[in-house]
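Work through the exercises below with the sequence and coordinates open. Each task is followed by a solution in steps.

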Number of protein chains: 6
Amino acid sequence: MATPNPAPKHFTLTYPQEYVAHVEINRPAKMNAFFEEMWLEMRTLFDALSHSPDTRAIILSGAGPRAFTTGLDVKAASTGLLNPDSDGLDPARKAAHLRRHISSFQDCISAIERCEKPVIVAMHGFALGLAVDIATAGDVRLCAADTKFAVKEVDIGLAADIGTLSRLPKVVGNFGWVKEVALSARVFGAEEALRVGFVSGVFEGKEGVLKAAGSIAGLIASKSPVAVGGTKEILNWSRDRSVEDGLRYTSVWNSAALQTTDVSAALLSGIQKRKPTFEKL
Amino acid sequence: MATPNPAPKHFTLTYPQEYVAHVEINRPAKMNAFFEEMWLEMRTLFDALSHSPDTRAIILSGAGPRAFTTGLDVKAASTGLLNPDSDGLDPARKAAHLRRHISSFQDCISAIERCEKPVIVAMHGFALGLAVDIATAGDVRLCAADTKFAVKEVDIGLAADIGTLSRLPKVVGNFGWVKEVALSARVFGAEEALRVGFVSGVFEGKEGVLKAAGSIAGLIASKSPVAVGGTKEILNWSRDRSVEDGLRYTSVWNSAALQTTDVSAALLSGIQKRKPTFEKL
Amino acid sequence: MATPNPAPKHFTLTYPQEYVAHVEINRPAKMNAFFEEMWLEMRTLFDALSHSPDTRAIILSGAGPRAFTTGLDVKAASTGLLNPDSDGLDPARKAAHLRRHISSFQDCISAIERCEKPVIVAMHGFALGLAVDIATAGDVRLCAADTKFAVKEVDIGLAADIGTLSRLPKVVGNFGWVKEVALSARVFGAEEALRVGFVSGVFEGKEGVLKAAGSIAGLIASKSPVAVGGTKEILNWSRDRSVEDGLRYTSVWNSAALQTTDVSAALLSGIQKRKPTFEKL
Amino acid sequence: MATPNPAPKHFTLTYPQEYVAHVEINRPAKMNAFFEEMWLEMRTLFDALSHSPDTRAIILSGAGPRAFTTGLDVKAASTGLLNPDSDGLDPARKAAHLRRHISSFQDCISAIERCEKPVIVAMHGFALGLAVDIATAGDVRLCAADTKFAVKEVDIGLAADIGTLSRLPKVVGNFGWVKEVALSARVFGAEEALRVGFVSGVFEGKEGVLKAAGSIAGLIASKSPVAVGGTKEILNWSRDRSVEDGLRYTSVWNSAALQTTDVSAALLSGIQKRKPTFEKL
Amino acid sequence: MATPNPAPKHFTLTYPQEYVAHVEINRPAKMNAFFEEMWLEMRTLFDALSHSPDTRAIILSGAGPRAFTTGLDVKAASTGLLNPDSDGLDPARKAAHLRRHISSFQDCISAIERCEKPVIVAMHGFALGLAVDIATAGDVRLCAADTKFAVKEVDIGLAADIGTLSRLPKVVGNFGWVKEVALSARVFGAEEALRVGFVSGVFEGKEGVLKAAGSIAGLIASKSPVAVGGTKEILNWSRDRSVEDGLRYTSVWNSAALQTTDVSAALLSGIQKRKPTFEKL
Amino acid sequence: MATPNPAPKHFTLTYPQEYVAHVEINRPAKMNAFFEEMWLEMRTLFDALSHSPDTRAIILSGAGPRAFTTGLDVKAASTGLLNPDSDGLDPARKAAHLRRHISSFQDCISAIERCEKPVIVAMHGFALGLAVDIATAGDVRLCAADTKFAVKEVDIGLAADIGTLSRLPKVVGNFGWVKEVALSARVFGAEEALRVGFVSGVFEGKEGVLKAAGSIAGLIASKSPVAVGGTKEILNWSRDRSVEDGLRYTSVWNSAALQTTDVSAALLSGIQKRKPTFEKL
């Protein structure tokens with residue numbers, strides 16, 4: 001198994017199915033609120049899973065009954081990110097320190113997006129602030145019927161800067177709704193999240209959403225890892241570029257990927273009506 | 001109050017709530033149809049509100065019971081924009097004059113988008129042609145149940161050139177629907193507008209939609225103006241660029257914005273369970 | 001009539017209404033599965049229709065009761081595209097051959113997108129793999145209630161490389177759903193396609209969807225061809241670029257297009273309450 | 001003549017040749033150093049010339065024997081731009097004010113670039129700081145042998161923000177040299193400017209450079225204004241975009257521009273060996 | 001040999017060295033001036049050479065002693081491109097016809113750029129108008145000392161629309177010089193072309209430049225065709241995109257290309273001090 | 001001093017002047033050829049210097065009399081990068097491994113570009129292959145008169161993939177020359193490098209170039225670090241984007257940076273004719 005060494009402190013990593021990793025944010029006593037050590041560790045973890053040959057799909061959820069995550073641990077942040085080691089600095093120097101902090105923080109969350117394996121985000125309870133940044137960096141979002149979401153940042157006097165404002169408009173197709181929830185910080189529920197396309201499915205309770213996530217992850221993990229990895233990469237590349245640049249990149253990518261033995265394995269299995277087996281990647 | 005001086009002729013500007021400006025298109029006898037002087041004035045007005053310290057959110061609606069606006073005053077346009085002072089000019093010179101007219105017209109509507117304060121567009125009755133260009137330049141769109149929309153331009157022999165074709169596909173997430181209504185010029189109603197995400201809410205009558213707009217505007221106006229302004233700016237920037245460029249811009253923007261006293265004001269108010277007060281911007 | 005010469009072998013071309021071309025994929029015995037000669041012919045056909053003065057809107061559908069198309073004829077492909085004349089070549093040389101194949105294939109499908117006339121894609125029965133690539137290159141998508149869709153490619157070990165991954169995220173506004181269906185290759189039906197905005201309408205049976213397509217195509221064909229052509233072009237250009245670049249391009253485009261006599265023809269017809277007639281383009 | 005009304009206070013505008021405007025920065029007692037009123041006026045002036053039918057080429061130079069311009073009037077700036085009406089504001093609010101100031105200032109200099117008519121910048125003596133921002137916004141740069149240039153901004157503690165850092169790397173093809181002079185603020189002379197391509201020609205004294213500028217401007221003014229305007233526009237558009245987007249924009253632009261009567265006028269004059277006359281634009 | 005079938009009428013194709021194709025524009029009686037049939041044929045020819053396994057480098061020159069090419073055959077154009085079959089059409093319809101003509105013409109010249117094999121352009125005598133469009137689409141430009149260049153288009157009342165305005169600023173690093181020669185249409189010679197980097201070398205007479213071109217082409221043809229093709233492709237891709245997008249594309253491209261046997265062939269030959277042999281591509 | 005801990009093994013780091021770091025590639029016995037451990041260490045080193053408050057400018061050179069660096073240690077690479085742990089893998093899986101290797105390698109070299117402090121690259125002797133990748137990632141390039149350069153990669157059967165092909169065309173303004181040296185792998189000397197703008201200065205011997213580099217680095221280090229850092233960042237951002245996006249980013253950046261106390265320190269020192277002192281950053 002691809003357990004990182006040393007094992008993560010603030011996350012649990014298990015393999016409930018073959019090739020399916022389950023990452024759990026593990027600070028339930030604080031409703032999985034994040035402080036700096038946690039997001040640094042999350043980067044290390046997803047960077048490792050990205051290249052792990054034992055992992056073909058990933059589920060990300062939160063420990064405990066109450067929350068996926070309530071976001072930034074504001075108490076910790078007010079002595080950290082929001083108040084860097086910058087006393088006595090002029091505003092320009094303080095800005096330089098803040099910029100480095102924000103860039104590092106963004107990079108930790110982007111580790112989910114750049115991870116070569118699809119990430120299914122399974123949410124329940126509170127999913128506030130940073131929860132939305134994390135969710136939009138994932139590939140598929142599911143939630144329990146009781147989930148309470150909010151792009152909470154304006155309520156603490158700042159624009160969401162770890163990814164929500166850059167990714168949410170590309171994840172859902174309703175720019176007016178994005179603006180409304182981001183400008184007002186109001187809470188929205190599972191049904192609204194489903195209606196606008198922020199989540200793809202709503203399920204009963206934490207168990208329900210985890211089961212559904214397991215089902216999708218298992219299905220993805222049964223496919224050719226070459227095809228799955230290419231599909232995630234090309235979709236993310238194309239999102240940010242013209243159709244023309246998307247097509248060109250795809251042709252270059254597939255000029256190598258089509259040389260996989262997975263194509264004949266898949267075709268043969270289809271003819272023989274049996275489940276194909278694919279080499280590790 | 002930030003009443004522009006001189007006061008606008010074709011719009012009314014009121015402040016129904018603290019920090020909430022209400023701009024009304026004021027030509028009800030002609031169903032608020034636009035002629036050139038009106039869009040030039042609209043630019044002046046929104047450019048002023050953009051920097052007005054007394055304004056934190058804006059509602060845009062149409063006067064009278066019948067229409068948000070029926071769009072371009074075709075009669076006026078046929079002696080103006082669609083027939084510029086170009087008689088005797090060869091087609092290339094006529095094209096140069098038309099290009100200047102269109103660019104100026106586009107810039108007037110874009111004033112709504114570049115306005116630093118969020119604009120809630122509250123529509124009722126007829127909302128045709130230019131109405132859609134204006135609405136897509138706003139941030140949040142609401143409408144009364146009786147609203148009749150149409151991307152009307154092909155019906156007068158032209159492609160919509162003041163913003164609808166550039167912005168509508170980025171506002172709603174259904175490109176086939178955008179093409180169908182833009183190519184056919186057919187009328188669509190409030191429920192369809194809600195279903196595709198062109199509007200975020202449908203309300204009873206003009207009063208209903210104005211009340212809802214006031215509620216959202218009031219909520220936004222109660223937040224930190226630094227956070228709200230940054231949120232609008234970063235969302236608009238990110239819409240047109242890659243996630244990577246969005247993240248970088250965000251980190252630079254927030255390196256200054258996080259130095260606001262609003263963060264501690266908001267945090268303290270949260271602890272003290274009271275409404276924060278923010279300095280003017 | 002603009003029947004290409006020689007007539008296509010694998011497609012039928014008819015004109016059920018004035019200015020409305022109906023292109024039918026015509027290999028019903030094989031459920032309209034594609035082999036190379038077919039997509040090359042499709043390019044020739046759409047390139048001809050693009051400039052045909054007798055064509056103002058196009059319907060694309062599949063012959064026979066069972067399928068729009070089941071996609072790539074895998075049997076043919078396994079001796080062709082997926083196995084190019086590359087035996088004995090090293091992987092880099094094989095990649096060069098594959099890249100050329102893919103680019104040519106992509107270009108054939110893109111012929112639908114670059115066609116100056118709107119293309120209404122009317123689907124029924126199976127619409128798998130390449131069917132989705134083709135549909136996303138069209139302008140408006142409709143389907144029968146019985147249609148079964150799948151982004152099937154990962155099931156044969158490859159990432160969809162003929163357009164789906166580049167265009168589907170720009171056609172629908174639910175990136176999580178796109179990822180889920182593209183990563184899992186699961187089948188989805190008409191109602192789901194409607195809900196996420198992949199199709200604009202669901203109709204009873206093949207007859208129902210063709211009738212609806214005819215209705216939209218006829219409506220579009222009754223409009224100014226200058227306005228319609230400009231609308232398609234500007235929408236496609238703007239999809240891939242910033243609002244600012246969209247607006248500038250629009251102003252340049254319309255500086256010529258507004259000089260059409262269609263504007264006065266349309267305005268006059270509006271006043272006289274009669275159907276306008278437009279010159280060929 | 002297209003003399004703006006009212007006449008500019010800090011610039012002189014003359015027409016030394018038919019269709020050739022000469023704009024002179026006119027504050028020689030202060031070596032043509034700029035304060036805010038001057039750059040606002042410069043925008044008004046170039047916006048007017050852009051549409052003036054009597055103007056086909058523009059020369060920009062500095063009055064007096066000593067300087068094109070020494071740049072920002074630092075004394076004025078230190079009570080203005082560098083010290084906005086922002087006392088008591090927190091750094092985020094101060095940043096908002098600064099951003100508005102900088103954007104407005106940038107827009108004034110960009111008026112030279114967006115002016116539809118080519119601008120020949122003729123420099124002599126000191127050309128420091130803002131001088132380089134202005135020069136890079138022009139189309140052709142010439143200088144007297146005695147000219148002393150510097151990207152002076154780091155010497156007053158700031159990064160050049162009015163255009164030099166965005167435009168200079170696109171004007172010359174030596175990125176290392178750009179970095180060296182921008183990072184060190186060192187003075188460079190006419191010969192070095194010529195060698196790296198910052199200027200196209202070096203001439204004897206202010207008279208020499210003005211004569212050479214007049215010669216180029218006169219030559220350009222003798223050409224078809226449709227062709228000249230299109231050439232400037234397409235070159236600027238293409239600079240910032242891919243070759244593919246450049247070609248497409250060009251084809252749309254010229255689809256109107258080629259319909260000018262100037263083409264036949266030019267061809268006929270060529271055959272008849274006489275100077276063509278072109279209508280005003 | 002990869003002689004296209006049928007053989008070109010207006011070009012000669014020879015192989016003076018192994019793997020080096022020499023394409024000669026062959027209309028010396030008219031100083032190699034182009035009419036439509038010629039540029040269509042040029043596209044066919046370069047598209048064929050692009051995939052020809054016998055071709056690893058291409059020299060492009062003009063037949064006869066007097067000119068590389070004097071550009072567009074204006075007499076032919078004035079009954080063709082500049083006067084399309086558009087009599088009686090309104091300006092918008094005429095624009096559509098012109099746009100199609102220009103796009104097709106551009107595509108023919110772009111065939112040189114998209115050709116997978118490097119193209120060395122060897123010029124002598126007159127190289128006017130279209131000559132510059134063609135030359136900038138090539139990879140390396142050389143000329144005889146007597147060559148007379150001009151971006152001639154403004155002299156016939158139009159902006160150069162077949163590639164010069166999009167490509168020349170990316171070929172040379174002196175934007176002011178580009179603007180000056182494109183706005184003035186003035187003639188410039190070989191030395192000036194060398195100084196600004198439009199050509200890489202100046203040689204004595206047509207023989208001299210052809211010999212030098214042969215030398216470079218021969219050197220390139222002796223290298224791994226996988227490495228050479230990748231180098232041309234990545235350089236062209238990167239020219240139009242950010243460094244970041246260039247690096248990513250490169251990594252994807254080389255993930256297949258590095259699997260060539262050419263790497264070990266080249267390394268082994270280096271050790272053995274002998275000339276490597278590479279398989280056809 | 002900001003000596004990284006642990007100290008680098010393959011590089012020496014010294015501070016010959018206040019705030020000026022000197023990084024020396026330290027493998028002279030192998031002419032400073034690189035193997036994987038070295039480029040990983042180089043990333044760590046430049047990432048540390050980027051945030052080091054004691055460093056305001058960096059000189060990068062090679063140890064020993066014979067070479068800046070001869071590039072990739074081909075012997076090491078042939079058992080590493082060019083032959084990854086991929087035996088028995090199909091070409092698609094091998095491509096995935098290669099892509100990860102290349103991306104990591106590129107990221108190590110890009111550390112020089114993203115370093116907040118300017119990097120002066122001082123070259124002598126052989127500067128082959130990877131040497132050019134490294135040099136183009138730096139800010140200013142200088143060399144000794146004896147330096148021998150080559151974009152050597154095609155000679156070992158591959159396209160240069162660590163940065164040269166993406167950055168070199170943006171560093172020099174002669175695209176034909178770039179193509180010629182990259183396609184032919186021919187050696188070029190110091191004078192040619194100076195003429196095309198690859199280096200900014202040529203000096204006598206290694207001592208000469210190091211002295212010149214020290215002079216420029218010292219000058220830069222004497223300026224405001226806020227101004228210097230902003231200048232490098234904005235120049236790199238603008239290189240890859242439109243002028244418009246460059247200007248906007250600049251205004252946001254400087255809205256914080258102008259609030260530095262360095263502006264008043266610099267202005268005051270100017271008046272008092274003394275050297276200013278700036279706080280650490």
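**Exercise 1. Contact and buried area of chains F and E**

Determine how many residues each chain brings to the contact of chain F with chain E, and which residues of chain F bury the most area there.

Solution. The model is a predicted one.
- Step 1. Counting residues with heavy atoms within 4.5 Å of the partner gives 41 from chain F and 44 from chain E.
- Step 2. The area buried between chain F and chain E comes to about 3,600 Å², and 66% of it lies on carbon and sulfur atoms.
- Step 3. On the side of chain F, the three residues that contribute more than any other three are F:Phe175, F:Lys179 and F:Leu183, which supply 19% of the area that chain F buries against chain E.

**Exercise 2. Relation of chain F to chain E**

Find the turn and shift that lay chain F on chain E, and state which residue of chain F comes closest to the rotation axis.

Solution.
- Step 1. A turn of 120° with a shift of 0.0 Å along the axis superposes chain F on chain E, leaving an RMSD of 0.0 Å.
- Step 2. The residue of chain F closest to the rotation axis is F:Gly173, with its C-alpha at 2.1 Å.
- Step 3. Only 7% of the interface residues of chain F are interface residues in chain E as well, so the copies meet through different surfaces.

**Exercise 3. Chains D and F**

What symmetry relates chain D to chain F, and how do the two chains meet?

Solution.
- Step 1. Chain D is laid on chain F by a turn of 120° and a shift of 0.0 Å along the axis, with an RMSD of 0.0 Å.
- Step 2. The two copies are therefore related as by a three-fold rotation axis.
- Step 3. In chain D, D:Gly173 has the C-alpha nearest the axis, 2.1 Å from it.
- Step 4. Different surfaces are used by the copies: 7% of the contact residues of chain D recur in chain F.
- Step 5. The contact joins 41 residues of chain D to 44 residues of chain F.
- Step 6. Together chain D and chain F bury about 3,600 Å², with 66% of it on carbon and sulfur atoms.
- Step 7. D:Phe175, D:Lys179 and D:Leu183 lose the most area to chain F, together 19% of what the side of chain D buries.

**Exercise 4. A helix pair within chain F**

Classify the packing of helix H4 and helix H5 of chain F, and list the residues in contact.

Solution.
- Step 1. H4(F) covers residues 130-137 and H5(F) residues 164-171; the angle is about 50° and the axes are 9 Å apart.
- Step 2. At that angle, H4(F) is therefore oblique to H5(F).
- Step 3. The crossing of H4(F) past H5(F) is left-handed.
- Step 4. H4(F) contributes F:Val132, F:Asp133, F:Thr136 and F:Ala137, while H5(F) contributes F:Thr164, F:Arg167, F:Leu168 and F:Val171.
- Step 5. Sorted by class, the contact of H4(F) with H5(F) has four nonpolar, two polar and two charged residues.

**Exercise 5. A helix pair between chains B and F**

Is H10(B) roughly parallel or oblique to H10(F)?

Solution.
- Step 1. Helix H10 spans residues 243-257 in chain B and in chain F; the pair packs at about 30°, with axes 7 Å apart.
- Step 2. Angles under 35 degrees count as roughly parallel, so H10(B) is roughly parallel to H10(F).
- Step 3. H10(B) passes H10(F) in a left-handed crossing.
- Step 4. Among the residues of H10(B) in this contact are B:Arg248, B:Tyr249 and B:Trp253, and those of H10(F) include F:Arg248, F:Tyr249 and F:Trp253.
- Step 5. The contact of H10(B) with H10(F) is made up of eight nonpolar, two polar and two charged residues.

Key. Residues are numbered from 1 along each chain as its sequence is written. Chains are lettered from A and ligands numbered from 1 in the order in which they are written. This is a predicted model: local features need pLDDT of at least 70, side-chain atom pairs count only at pLDDT 80 or more; totals for chains, interfaces and linings use all residues. Side-chain values use heavy atoms; hydrogens and water are left out. Copies are superposed by least squares on the C-alpha atoms of residues with pLDDT of at least 70 in both. Axes are lines fitted to C-alpha atoms, for helices over the stretch in contact, and angles run from 0 to 180 degrees between N-to-C directions. Helices (H or I, at least four residues) and strands (E, at least two) are DSSP runs, numbered from the N terminus. Angles under 35 degrees count as roughly parallel, over 145 as roughly antiparallel, 65 to 115 as roughly perpendicular and the rest as oblique. A crossing is left-handed if the near helix is turned anticlockwise from the far one by less than a right angle, and right-handed if clockwise. Ala, Val, Leu, Ile, Met, Phe, Trp, Tyr, Cys and Pro count as nonpolar, Asp, Glu, Lys and Arg as charged, and the others, Gly among them, as polar. Buried area is the accessible area (1.4 Å probe) that two parts lose on being put together, summed over both.
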